[in-house]
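I opened my notebook with the sequence and the model side by side. My notes follow in the order I looked things up.

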Amino acid sequence: MTYVTFKRTIHLQYIGRVPANEAKNAKIGDKIMFNGGSTCLISNIVKETEKMITFALIHDGVVYNQVFKKDRLIALIAA
């Protein structure tokens, strides 16, 4: 697994410290890692406002919409 290189980190449950970046810097094709090590692929940017961003995430073949504040730190895995 290759992580996008960042100076910031977050702590994920059962995983530990992982590199992180703000949600506004995520691109289509990147993967997001969540607690427990589950990952989702960013398939689309559904909506973007001044402070929020909505991604269409694919996990196990199912598409979910997830809303993040643009300055929220998320664990990004390089595509």
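Is Lys24 buried, partly exposed or exposed? I looked it up in this predicted model. Lys24 has a relative accessible area of 46%, so I noted it as partly exposed.

**Entry: the charged pairs**

I then asked what Lys24 pairs with. Lys24 forms a salt bridge with Glu22, and the closest N and O atoms are 3.3 Å apart. Glu22 also meets the side chain of Arg8 in a salt bridge, at 3.3 Å from N to O. That second pair links distant parts of the chain. Arg8 sits in strand β1 (residues 8-12), Glu22 in strand β2 (residues 16-22), and 14 residues separate them.

I checked cover next. Glu22 has a relative accessible area of 16%, and buried means under 20%, so Glu22 counts as buried. Arg8 is partly exposed because its relative accessibility is 43%.

How many salt bridges are there in total? I count three. The remaining entry on my list is Lys70 with Glu48, whose side chains meet at 3.0 Å, N to O. Lys70 is in the loop between β6 and β7 and Glu48 is in strand β4, so this pair ties together parts 22 residues apart in sequence. Lys70 is buried, with a relative accessible area of 17%. Glu48, with 48%, is partly exposed. As for shared partners, salt bridges join Arg8, Glu22 and Lys24 into one network.

I added one background remark: side chains of opposite charge can pair when their charged atoms come close.

**Entry: Lys51**

From Lys70 I moved to Lys51. The two are 19 residues apart in sequence, yet 5.7 Å apart in space, C-alpha to C-alpha. Where does Lys51 lie? I found Lys51 in the loop between β4 and β5 (52-59). Lys51 has 57% relative accessibility, and the cut-off for exposed is over 50%, so Lys51 counts as exposed. Setting aside residues up to four places away in sequence, Lys51 touches Phe68, Lys69 and Lys70.

**Entry: the aromatic pair**

Phe68 in that contact list made me check the rings. I searched the whole structure and got one aromatic pair. The partners are Phe55 and Phe68, with 5.8 Å centre to centre and 55 degrees between the planes, which I logged as tilted. This pair links distant parts of the chain: Phe55 belongs to strand β5 and Phe68 to strand β6 (residues 62-69), 13 residues apart. I also checked cover for both rings: Phe55 and Phe68 are buried.

**Entry: the cores**

Which residues make up the largest nonpolar core? I listed 11 residues: Ala23, Ala26, Ile32, Cys40, Ile42, Ile53, Phe55, Leu57, Phe68, Ile74 and Leu76. I then sorted them by strand. At least two residues of this core come from each of β4, β5 and β7 (73-77). The most come from β5, which gives three residues.

I took Ile74 as one core member to trace. Not counting neighbours within four places in sequence, Ile74 is in contact with Ile10, Pro19, Ala20, Asn21, Ala23, Ala26, Ile32 and Phe68. Apart from the largest core there is another, of seven residues, with Val18, Ala20, Met33 and Ala75 among them. I noted that Ala20 is in that other core and is also a contact of Ile74.

**Entry: the surface patch**

After the buried side I looked at the nonpolar surface. Leu41, Ile58 and Val63 form a nonpolar patch there, with about 210 Å² of accessible area together. Leu41 has its place in strand β4 (residues 39-48). At 30% relative accessibility, I put Leu41 down as partly exposed.

**Entry: the whole chain**

Last, I went over the overall counts. What pattern does the protein follow along the sequence? I read β-β-β-β-β-β-β. That fits the tally of zero helices and seven strands. Of the 79 residues in the protein, 32% are buried. The protein exposes about 5,100 Å², and carbon and sulfur atoms supply 50% of that. I also looked at contacts between residues at least 6 apart in sequence: 37% of them join residues at least 24 apart.

Terms used:
Residues are numbered from 1 along each chain as its sequence is written. This is a predicted model: local features need pLDDT of at least 70, side-chain atom pairs count only at pLDDT 80 or more; totals for chains, interfaces and linings use all residues. Side-chain values use heavy atoms; hydrogens and water are left out. Patches are made of residues with over 30% relative accessible area and no salt bridge: like charges are joined within 9 Å, nonpolar side chains (Val, Leu, Ile, Met, Phe, Trp, Tyr) within 5 Å. Accessible areas come from the Shrake-Rupley method with a 1.4 Å probe; for residues, only the protein chains shown count as cover. A salt bridge is a side-chain nitrogen of Lys or Arg within 4 Å of a carboxyl oxygen of Asp or Glu. Helices (H or I, at least four residues) and strands (E, at least two) are DSSP runs, numbered from the N terminus. Buried means under 20% relative accessible area, exposed over 50%, partly exposed in between (1.4 Å probe, protein chains only). Contact means heavy atoms within 4.5 Å. Rings of Phe, Tyr and Trp (its six-membered ring) pair if their centres lie within 6.5 Å; planes under 30 degrees apart count as stacked, over 60 as edge-to-face and the rest as tilted. A nonpolar core is a set of buried Ala, Val, Leu, Ile, Met, Phe, Trp, Tyr and Cys residues joined through side-chain atoms within 4.5 Å.
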